[in-house]
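Hi,

Here is the structure I promised to pass on. Have a look at it first, and then read on for what I found.

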Amino acid sequence: MKRLSLLLIMLLLVGGFFYFGLDQQLSLAGAQDRLTELTAWREARPVTAGLIYLLSYIAVTALSLPGAAVLTLAGGALFGVFWGTLLVSFASSIGATLAFLAARYMLRGSVERRFGDRLKSINEGIAREGAFYLFALRLVPLFPFFLINLLMGLTSLKVKTFYWVSQLGMLAGTVVYVNAGRQLAVVDSLAGIFSPALLGAFLLLGTFPLIARKLLALLSARRVYHPYRPPKKFDRNLIVIGAGAAGLVSAYIAAAVKAKVTLVEAHKMGGDCLNYGCVPSKALIKSAAVAHTLRHASRYGLEDVAPRISFPRLMKRVQEVVAAIEPHDSVARYTGLGVDVVQGHARLLDPWTVEISRPNDNPLTLTARSIVLATGASPYVPSLPGLETVGYVTSDTLWEAFSHLEHPPERLLVLGGGPIGCELAQSFARLGSHVTLVEMAPRLLIREDEEVSEFVRSALESDGVRILLGHKALRGEPGMKGEAGHKFLVVEHAGAEQYLTFDELLCAVGRVARLSGYGLEALGIATEGKLVTNAYLETLYPNIYAAGDVVGAYQFTHTASHQAWYAVVNALFGGFIKFKVDYRIIPWTTFTDPEVARVGLNEQEANAQGIAYERVRYELDDLDRAITEGQARGFVTVLTEPGRDRILGATIVGAHAGELLAEFVLAMKHGLGLNKIMATIHSYPTWSEANKYAAGEWKRAHAPQRALAWLARYHRWRRGGLD
């Protein structure tokens with residue numbers, strides 16, 4: 001109501017301005033016609049005239065009315081250059097600030113609700129350099145100042161900053177106009193006040209801060225590069241270190257735009273995802289799922305079968321799957337794409353020079369204008385006493401270590417309740433291992449909502465996984481006398497120690513960036529558990545970029561590929577244009593059964609950030625396709641802006657959740673709401689209908705009850721009934 005009242009008052013004032021012909025009075029001709037009368041009035045009552053002039057100018061500027069330029073000229077004609085400039089400077093700044101505040105009060109909330117994700121990056125830029133850009137805009141009279149007032153009101157720029165920067169930035173233009181006002185009687189047009197030369201001078205003045213900023217960046221870079229001398233000629237446009245997802249995509253893009261690029265890999269092409277992570281783990285998960293289906297075949301009208309698991313054959317299949325995908329990431333493929341692939345370990349000698357130690361060959365030294373570090377990450381192993389003594393495997397080493405086993409580990413202890421720990425714990429439990437999962441946190445998958453964590457915990461326990469939450473690992477101990485072959489992990493819970501027996505211990509407590517051995521320390525490149533980069537993925541040196549797990553942020557294969565685009569484009573074309581990496585819409589999936597897939601905010605994140613939301617939920621036990629496949633468990637939850645169908649985030653728990661999530665990712669990326677999803681035809685019976693039904697739940701909750709009541713009356717009337 002307050003906003004509506006203010007809007008009504010403003011509309012009445014604007015309407016009155018035009019109704020009473022004040023727009024004509026504030027035209028150039030109108031001011032010239034009344035110049036003699038106004039001059040006499042000012043001479044008779046100078047203080048009153050100055051005050052009324054000040055208030056009139058503030059009102060015109062605050063309401064974004066036409067006539068501010070003419071008022072500025074009149075200020076020079078009536079009060080002279082000094083007093084005219086003083087009055088106009090304060091009046092224009094005060095009026096601009098009132099317009100700024102009105103836009104903020106009236107519009108900012110609705111604009112943020114509608115374009116919150118896009119405004120977030122703008123506001124981050126405003127927080128860093130808002131005063132700088134506002135000053136540059138104020139210096140150039142070509143920009144409509146009233147538009148600047150309104151648009152800046154929609155940002156997070158501080159009011160105090162807006163005021164003083166506006167007053168300072170508009171001063172030069174004010175002096176020009178006020179000075180021209182001394183000749184108001186003979187001014188032909190407002191456009192004639194600024195000659196092309198004067199406009200050029202103002203344009204140069206306005207762009208000077210931008211030029212100065214560029215010069216400062218160059219000086220800063222020169223300071224960074226000071227100890228080093230760049231080569232006169234470069235061997236390559238780009239050198240990429242690491243052939244995982246980020247490195248492969250980086251090299252591919254560089255070759256596609258005809259840059260000369262070398263890709264260096266010290267171990268296996270394809271990196272962790274192909275050889276140790278995504279690919280082998282999903283192959284194992286599938287085999288475990290088949291064993292689980294056979295064991296519970298009666299759910300499908302068949303006889304339950306105890307699967308006879310040939311573990312060597314199963315592990316061989318895992319490696320066959322890796323081998324089948326391997327050609328996609330092979331040296332031969334990338335050489336064919338135009339990439340120079342070198343097997344060896346790369347080390348930076350200076351910001352442009354890379355030394356590559358090659359097996360059975362002399363070191364190779366190459367120079368490049370730009371370098372992309374895509375060195376990846378490796379499993380984190382906690383420094384627990386006795387851990388090396390009892391032995392352990394990680395998600396990287398278990399494939400080789402377990403390939404020699406005749407049977408799955410009888411007693412497998414999994415340390416860590418994150419995605420990797422949960423996926424592998426469930427899989428080995430389904431393959432017949434007695435699995436104990438130890439997690440120090442109070443629940444599994446701590447980044448997800450509590451209901452999601454509980455759902456996954458229940459699913460793992462139903463498959464036989466023993467879950468110990470709130471248990472802190474203390475040390476490893478070998479078997480005591482009389483317990484030959486036994487190994488223990490000692491944990492603490494509620495102040496008491498417990499001994500957990502195991503045959504194999506899997507450490508799955510996270511991953512850390514690979515940072516050592518690449519010459520980063522010698523060059524002073526900052527590392528804080530990851531490579532420190534700016535928004536453009538630049539390191540300390542503007543020609544050295546980073547992408548993938550080594551950057552931290554989101555350690556997913558698809559995020560590494562996403563970062564690679566920004567790193568390469570900035571590395572190759574940063575002299576002309578740069579792009580800030582966009583993390584607004586990052587999906588991820590945990591491949592337990594049921595799967596957990598998410599994009600955007602969940603409830604715990606929205607609450608932590610103080611973001612208002614509405615939640616809709618659709619249960620998969622209502623979905624026809626889920627019922628036919630015996631997978632009727634799980635749910636779809638969607639967070640939306642209050643009263644609107646704009647999607648803030650979606651979480652899916654259930655079979656094929658990772659596949660279903662893509663529709664929500666697409667919708668969020670392109671600003672499509674739940675109404676668009678509901679209006680899209682989905683084949684029947686399919687899993688994707690779950691998304692449509694979730695949208696339907698939102699629509700049902702926002703049905704216009706008053707309009708529906710009138711429709712009910714209409715239909716009764718059509719039937720001949722009476723109220």
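So, to start with the inventory: how many helices and strands are there in the protein? The model, which is a predicted one, has 27 helices and 22 strands. Its radius of gyration comes out at 34 Å, and the globule rule gives 27 Å for 723 residues, so the protein is well over that value and more spread out than a compact globule. If you want the outline as a box, the C-alpha atoms fill roughly 115 × 90 × 55 Å along the principal axes.

Now for a helix pair. Helix H11 (residues 245–256) packs against helix H21 (residues 557–573) at an angle of about 40 degrees, and their axes are 8 Å apart. Angles under 35 degrees would count as roughly parallel and those from 65 to 115 as roughly perpendicular, so H11 is oblique to H21. The crossing of these two helices, H11 and H21, is right-handed. On the H11 side, the contact is made by Ala 245, Ala 246, Val 249, Ser 250, Ile 253 and Ala 254. H21 brings Thr 557, Ala 560, Ser 561, Ala 564, Trp 565, Val 568 and Leu 572 to it. What kinds of residues are these: nonpolar, polar or charged? The contact of H11 with H21 has 10 nonpolar residues, 3 polar ones and no charged ones.

Then there are two sheets to show you.

One is an open sheet of 3 strands, ordered S12-S13-S14 and paired antiparallel. Strand S12 (472–478) and strand S14 (496–502) are at the edges with a single partner strand each, so one side of each has no neighbour in the sheet. On average, neighbouring strands here are turned by 30 degrees against each other, ignoring direction. Strand S13 (residues 487–493) pairs with S14 in the antiparallel sense over 7 bridges, and Phe 488 stands opposite Thr 501 in S14.

The other is an open sheet of 5 strands, again with antiparallel pairing, in the order S18-S19-S22-S21-S20. Which strands are at its edges? They are strand S18 (587–590) and strand S20 (614–619), each of which pairs on one side only. In this sheet, the average turn between neighbouring strands is 10 degrees, direction ignored. S20 and strand S21 (residues 635–640) are joined by 6 bridges in the antiparallel sense; Tyr 618 has Val 636 in S21 as its bridge partner.

Cheers

Conventions
Residues numbered from 1 in each chain as written. Predicted model: local features only at pLDDT ≥ 70, side-chain atom pairs only at ≥ 80, totals over all residues. Heavy atoms only, no water. Axes fitted to C-alpha atoms, helices over the stretch in contact; angles between N-to-C directions. Helix = DSSP H or I, 4+ residues; strand = E, 2+ residues; numbered from the N terminus. Parallel < 35°, antiparallel > 145°, perpendicular 65-115°, else oblique. Left-handed = near helix turned anticlockwise from the far one by under 90°. Contact = heavy atoms within 4.5 Å. Nonpolar A, V, L, I, M, F, W, Y, C, P; charged D, E, K, R; others polar. Pairing = 2+ DSSP bridges. Rg over C-alpha atoms; globule rule 2.2 N^0.38 Å.
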